[in-house]
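Here are some notes to read alongside the structure. Keep the viewer open and look up each residue as we go.

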Amino acid sequence: MNGVAPNGVAQEGVAHSDVAQTTVASSGHPVYELSHVGKTYARNKVQALDDVSLTLHTGSFSSVIGSSGCGKSTLLKIMAGLIPPSSGRVVLQNDAVTGPRRDIGMMFQQATLFPWRTTVENIVLPIEIRDGRAAAEAAKERAHQLLDVVGLTGFENVYPNELSGGMAQRASICRMLITQPAVLLLDEPFSALDELSRDMMNMELQRICTEQKATAFLVTHSIAEAVILSDHIYVMKPRPGRLAEIVTVDLPRPRTLDMITTPKFGAMVDYIRGLLDKGEAL
Amino acid sequence: MSELKATAASNVPHDPTQDTVWVENVSLIDRIPRAVSMALVFAAFIGVWQLSTSLGLVSAIILPTPGETFRDIIFVGKNLMSGDYMLPALWITIKEVLYGFALAIFIGFSLGVLVGETVFGERAIMPYLVAIDTMPKVAFAPLFVAWLGFGIESKVALAAFIATFPIVVGTAAGLHAADDNARMLFKTMGASRMQTLIKMKLPMGLPQIFTGLKIGAVGVMAGAITGEFLGGGKGFGELIRVAASQLQTPRVFSLILYLSLLGLALYALVTWTQRKVVFWQKDTLGGSHE
């Protein structure tokens with residue numbers, strides 16, 4: 001298949017029939033495509049994911065939201081190439097995902113910076129692992145630029161235990177970006193931060209993603225966080241984990257924290273909460 | 001005083017600065033500085049010791065006076081400084097301890113990685129190690145003497161034998177210390193098993209590994225001296241044994257003191273290395289993270 005099909009976006013997007021077709025307004029072409037992905041854990045015969053199809057377009061920001069046990073972390077692990085799906089196809093940049101790849105960037109709840117490495121050494125770690133020490137040394141130049149992007153200039157040679165939680169997550173954003181991945185997978189990246197830092201980091205994330213023209217996929221528990229950041233929100237239902245609906249957020253960009261108080265925002269949050277409650281009742 | 005307060009309260013509007021400041025009550029004994037409290041305990045110890053000897057509560061053969069002991073400590077110190085017969089004996093013991101410790105680190109670390117990193121090691125080797133570890137290891141001393149003779153080798157072997165197990169356990173525990181996030185991160189970066197071990201698991205496990213080394217450092221001293229008691233030779237343990245058999249109790253005490261200095265030095269060396277290598281580890285309980 002030719003991934004670059006500028007007009008064929010929506011059709012390629014969600015082939016799954018009982019899911020509302022995305023009327024994707026974003027200009028990008030498909031980068032990441034999942035079609036009919038299922039995951040069954042054989043040992044306990046639990047169906048974690050059932051027939052999930054979704055498409056991420058370049059430069060778009062998507063979120064997946066759902067109650068715990070709806071399979072969203074399984075979905076993310078499959079997308080990261082950490083575990084294989086039981087069925088279906090996972091294709092990134094026209095290439096089937098069969099394991100961890102350098103064009104997949106990932107970020108976790110914890111910054112997980114290693115305390116024996118300085119900030120910049122932590123950031124070039126993915127390069128060091130994949131290409132060796134010399135390449136990592138060469139990548140420090142780019143690491144400095146990225147630190148500048150996230151506003152951490154001057155903290156290059158500081159050890160992580162001197163960084164605050166928010167600063168550590170900024171550094172881990174740099175570590176994710178250093179390999180110039182085609183897609184960013186964000187696993188509740190700021191949920192360990194306090195609410196104020198969390199709001200601020202979400203706005204920072206938006207700015208960085210826009211600047212880097214990044215394609216991002218966020219797993220979150222927070223409806224408000226999903227709405228403020230995303231172009232599309234995939235609402236999942238549990239037992240078996242499946243996509244219930246794709247909600248398109250048409251708030252203008254750049255989004256601001258003030259938007260949280262607007263009626264439109266509130267209506268959207270209410271709508272998604274309604275979907276989630278229905279999922280719970282099932 | 002209370003009168004004055006009362007009049008002030010009735011006439012002037014309430015002034016909060018006049019309120020008594022609540023001060024936490026720290027008992028007198030807790031306010032003594034560390035050095036002073038240590039000196040106090042030491043003085044009390046010497047006092048009781050002096051009293052029990054001068055009142056004749058204990059026979060002088062069993063317990064020498066503090067003065068006698070102190071004189072003998074000076075004597076042994078001078079002997080060691082001048083390079084007389086005690087210095088070679090001390091040197092033999094130092095060699096046993098260092099060789100034993102090096103051997104224990106090598107074997108303990110290798111076994112620890114095997115047990116901590118491989119499923120086979122954990123399933124098939126760990127149970128045997130635990131079984132051997134529960135045995136009184138000193139009981140193996142006669143065997144080591146029979147196998148390796150009365151020289152330094154049998155002492156090195158016993159010392160290493162005792163010190164190996166804590167290092168195995170520390171290393172294995174250290175390799176399990178890495179959290180899921182770190183493991184997942186390394187997986188997403190496509191790290192090989194070797195890279196994961198060297199760049200993540202081992203450095204993360206260093207605090208536990210050093211705990212094992214510290215316990216090992218204590219064990220290695222005990223092993224070397226026990227080996228000398230049971231297997232002869234020309235080390236410091238032999239000097240103690242001879243002095244004790246001649247009822248030279250002051251000498252026994254002063255030799256033990258110098259031995260404990262050796263043990264302390266080894267422990268301090270390990271602690272110092274840990275500070276340098278695991279520089280990120282907070283030794284206070286209130287570390288900013290974790």
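The points below go through chain A, then chain B and the contact between them.

1. A word on the model. What you are looking at is a predicted model, so read every value here as computed from that prediction.

2. Chain A in outline. Chain A contains nine helices and 10 strands. It has 282 residues, and 45% of them count as buried. Now take the contacts in chain A between residues at least 6 apart in sequence: 70% of those join residues at least 24 apart.

3. The four-stranded sheet. Look for an open sheet in chain A with the strand order E2-E1-E4-E5 and antiparallel pairing. Strand E2 (46-57) and strand E5 (95-96) of chain A sit at the edges, each pairing on one side only. Inside the sheet, strand E1 (residues 30-41) of chain A runs antiparallel to strand E4 (residues 87-92) of chain A, and five bridges join the two. If you want a spot to zoom in on, A:Tyr32 stands opposite A:Leu92 in E4(A). As a reminder, strands of a sheet pair through backbone hydrogen bonds, either parallel or antiparallel.

4. A helix across that sheet. Which strands does helix H2 of chain A lie across? Helix H2 (residues 72-79) of chain A lies across E1, E2 and E4 of chain A, and it runs at about 60° to E2(A).

5. The enclosed strand. Have a good look at strand E9 (residues 232-237) of chain A. Six of its six residues are buried, so E9(A) is largely enclosed by the rest of the structure. Its side chains go two ways: A:His232, A:Tyr234 and A:Met236 point one way, while A:Ile233, A:Val235 and A:Lys237 point the other way. Don't skip over A:Lys237, which is buried along with the others.

6. What E9(A) pairs with. Strand E3 (residues 61-65) of chain A pairs with E9(A) in the parallel sense, over four bridges, and there A:Val64 stands opposite A:Tyr234. E9(A) also pairs with strand E10 (residues 242-248) of chain A, this time in the antiparallel sense and over six bridges. In that pairing, A:Met236 stands opposite A:Leu243 in E10(A).

7. The turn after E9(A). The hairpin of E9(A) and E10(A) has four residues between the strands, and A:Arg239 takes a positive phi near 50° there. A:Arg239 is also joined to A:Pro240 by a cis peptide bond, with omega about -10°. A:Pro240 lies in the loop between E9 and E10 of chain A.

8. Another cis bond. A:Arg253 and A:Pro254 are joined by a cis peptide bond too, with omega about 0°. You'll find A:Pro254 in the loop between E10 and helix H9 (263-281) of chain A.

9. Positive phi elsewhere. A:Asp51 is not a glycine, yet its phi is positive, near 50°. A:Asp51 is in strand E2 of chain A. Why does A:Asp51 count as partly exposed? Because it has 17 C-beta neighbours inside 10 Å, and the partly exposed class lies between 12 and 20. A:Asn94, also not a glycine, has a positive phi of about 65°. A:Asn94 is found in the loop between E4 and E5 of chain A, and it is exposed, with 12 other C-beta atoms within 10 Å.

10. The nonpolar cores. In soluble globular proteins, nonpolar side chains tend to be buried together. The largest nonpolar core here has 87 residues, and A:Cys174 and A:Leu185 have the most contacts inside it. Helix H6 (residues 165-177) of chain A gives the largest share of this core, seven residues. Leaving aside neighbours within four places in sequence, A:Cys174 is in contact with A:Ile123, A:Ala143, A:Leu146, A:Leu147 and A:Val150. There is a second, separate core of 46 residues, which includes B:Val115, B:Ile152, B:Ala159 and B:Ile240.

11. Chain B and its domains. Chain B is divided into domain 1 (1-61) and domain 2 (79-277). How far apart are the C-alpha centres of the two domains? They lie 43 Å apart.

12. Where the chains meet. In the contact, 14 residues of chain B touch 16 residues of chain A. On chain B's side, helix H8 (180-188) and helix H9 (193-231) are the elements that give two or more residues. H8(B) provides the largest share, six residues. By class, this side of chain B has seven nonpolar, six polar and one charged residues.

Note on methods. Residues numbered from 1 in each chain as written. Chains lettered and ligands numbered in written order. Predicted model: local features only at pLDDT ≥ 70, side-chain atom pairs only at ≥ 80, totals over all residues. Contact = placed C-beta atoms within 7 Å. Nonpolar A, V, L, I, M, F, W, Y, C, P; charged D, E, K, R; others polar. Domains from an automatic or database assignment. Pairing = 2+ DSSP bridges. Axes fitted to C-alpha atoms, helices over the stretch in contact; angles between N-to-C directions. Core = buried A, V, L, I, M, F, W, Y, C linked by C-beta atoms within 7 Å.
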